[in-house]
Amino acid sequence: MINFSDIEFRLLKGSDISKYKSELASIRIEIFRDFPYLYEGDLEYEEKYVKVYERSKESLVVLAVHEGRVVGATTALPLRDETDYLKKPLVENNFSIDNIFYFGESILKNQYRGLGVGKKFFEFRERHAMSFKKYSTTCFCAVTRPENHPSKPSTYAPLDNFWINMGYKKDPRLIASFPWKDIGDAIETEKPMTYWLKEWKNEF
Ligand SMILES: CC(C)(COP(=O)(O)OP(=O)(O)OC[C@H]1O[C@@H](n2cnc3c(N)ncnc32)[C@H](O)[C@@H]1OP(=O)(O)O)[C@@H](O)C(=O)NCCC(=O)NCCS
């Protein structure tokens, strides 16, 4: 049986991120194949994705490692360092981009779920964001798929309650559009990604 204490967390910034880019790409591709992402891995896309983190001066990547193998990862960076399509819904709704810290993915291999790693990933990213003492909002977005999507497994449970318990609130006004190729598709299509936000009142 695997325990939380068996997991080692590695916090990466700047050039350290580059050293792990192939591990990051392969775990993203593995986990995001599943519903609701259904992402057909694309190494060119992964290369562009990691560059955004490498370039940012305030980004963070946390790896969860077990017996020397990367079994999970999470990412965060200031929203201003992200791509325009991610900023767009917030700009259009008059949010101040410079006050927002954006959380990328949280991904974990199946057999490591339910141990508290997902919660720990939030703690690392929130602590990192608040350490700069200039961000008043943390946020992330999650794909919205139709309720009756043909690839939805009968056992699928949405993560909404987890996110609500972590203090995040979904804002249905804020929808970004991300392009990627679904498994089995010939071309990329745009996916609606709805934002979840948490306001930090006195912490920064
Ligand atoms: C998101 C993810 C990393 C969470 O990891 P995790 O380590 O299993 O989460 P934790 O063990 O910290 O669980 C935190 C809480 O959420 C609950 N939870 C976790 N997964 C859940 C699920 N699928 N459905 C409902 N509740 C869930 C846990 O019961 C726990 O609640 P508790 O505090 O009341 O006990 C993992 O589910 C994952 O990799 N999912 C696939 C990728 C994904 O969709 N990522 C999110 C968008 S990028």
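These notebook entries record what I looked up in one predicted model.

**Ground rules**

I numbered residues from 1 along each chain as its sequence is written. Because the model is predicted, I noted that local features need pLDDT of at least 70, that side-chain atom pairs count only at pLDDT 80 or more, and that totals for chains, interfaces and linings use all residues. My helices (H or I, at least four residues) and strands (E, at least two) are DSSP runs, numbered from the N terminus.

**Entry 1: the sheet**

I began with the strands. Strands of a sheet pair through backbone hydrogen bonds, either parallel or antiparallel. I took two strands as paired if DSSP finds at least two bridges between them. I found an open sheet of seven strands in the order β1-β2-β3-β4-β5-β7-β6, with mixed pairing. The edge strands are β1 and β6 (169–180), each of which pairs on one side only. On average, neighbouring strands of this sheet are turned by 25 degrees against each other, direction ignored. For such angles, I noted that axes are lines fitted to C-alpha atoms, for helices over the stretch in contact, and that angles run from 0 to 180 degrees between N-to-C directions.

I then looked up a helix beside the sheet. Helix α4 (residues 84–92) packs on the sheet and touches β4, β6 and β7 (189–199). The direction of α4 makes about 150 degrees with that of β6.

**Entry 2: from β1 to β4**

I followed the pairing strand by strand. Strand β1 (residues 8–12) runs antiparallel to β2, and five bridges join them. Here Glu8 stands opposite Val65 in β2. Seven bridges link β2 and strand β3 (residues 69–78), again in the antiparallel sense. Val62 has Thr74 in β3 as its bridge partner. β3 and β4 are also antiparallel, with six bridges between them. Ala73 is matched with Ile107 in β4.

How many residues of strand β2 are buried? I counted a residue as buried if 20 or more other C-beta atoms lie within 10 Å of its own, exposed if 12 or fewer, and partly exposed in between, with C-beta atoms placed from the backbone. Five of the seven residues of β2 (residues 60–66) are buried, so this strand is largely enclosed by the rest of the structure.

**Entry 3: the nonpolar core**

I defined a nonpolar core as a set of buried Ala, Val, Leu, Ile, Met, Phe, Trp, Tyr and Cys residues joined through C-beta atoms within 7 Å. The largest such core has 36 residues, and those with the most contacts inside it are Val61, Ala73 and Tyr102. β4 gives the largest share of this core, six residues.

For contacts, I required C-beta atoms, placed from the backbone, within 7 Å of each other. Leaving aside neighbours within four places in sequence, Ala73 is in contact with seven residues that I wrote down: Leu24, Ile27, Val61, Val62, Leu63, Ala64 and Ile107. Tyr102 lies in strand β4. Tyr102 counts as buried because 26 other C-beta atoms lie within 10 Å. Not counting residues up to four places away in sequence, the contacts of Tyr102 include Ala76, Leu86 and Phe140.**Entry 4: unusual backbone geometry**

Most residues other than glycine have a negative phi, and most peptide bonds are trans. I therefore listed the exceptions, starting with the cis peptide bond from Phe35 to Pro36, whose omega is near 10 degrees. Pro36 is in the loop between α2 (21–31) and α3 (43–55). Leu38 lies in the loop between α2 and α3, and has a positive phi of about 55 degrees although it is not a glycine. Leu38 is buried, with 20 other C-beta atoms within 10 Å.

Is Glu67 buried or exposed? Glu67 is exposed, with 9 other C-beta atoms within 10 Å. β2 and β3 form a hairpin with two residues between them, and Glu67 in the turn has a positive phi of about 50 degrees.

**Entry 5: around the ligand**

I took a residue as near the ligand if its C-beta atom, placed from the backbone, lies within 6 Å of it. Which residues come nearest? Of the 17 residues around the ligand, these are Arg113, Gly118, Lys119, Ala157 and Phe162. β4 (100–108), α5 (117–131) and α6 (160–165) each supply at least two residues of the shell. The largest share, four residues, comes from β4.

I sorted the shell by class: Ala, Val, Leu, Ile, Met, Phe, Trp, Tyr, Cys and Pro count as nonpolar, Asp, Glu, Lys and Arg as charged, and the others, Gly among them, as polar. The shell has nine nonpolar, five polar and three charged residues.

Definitions and conventions
Contact = placed C-beta atoms within 7 Å.
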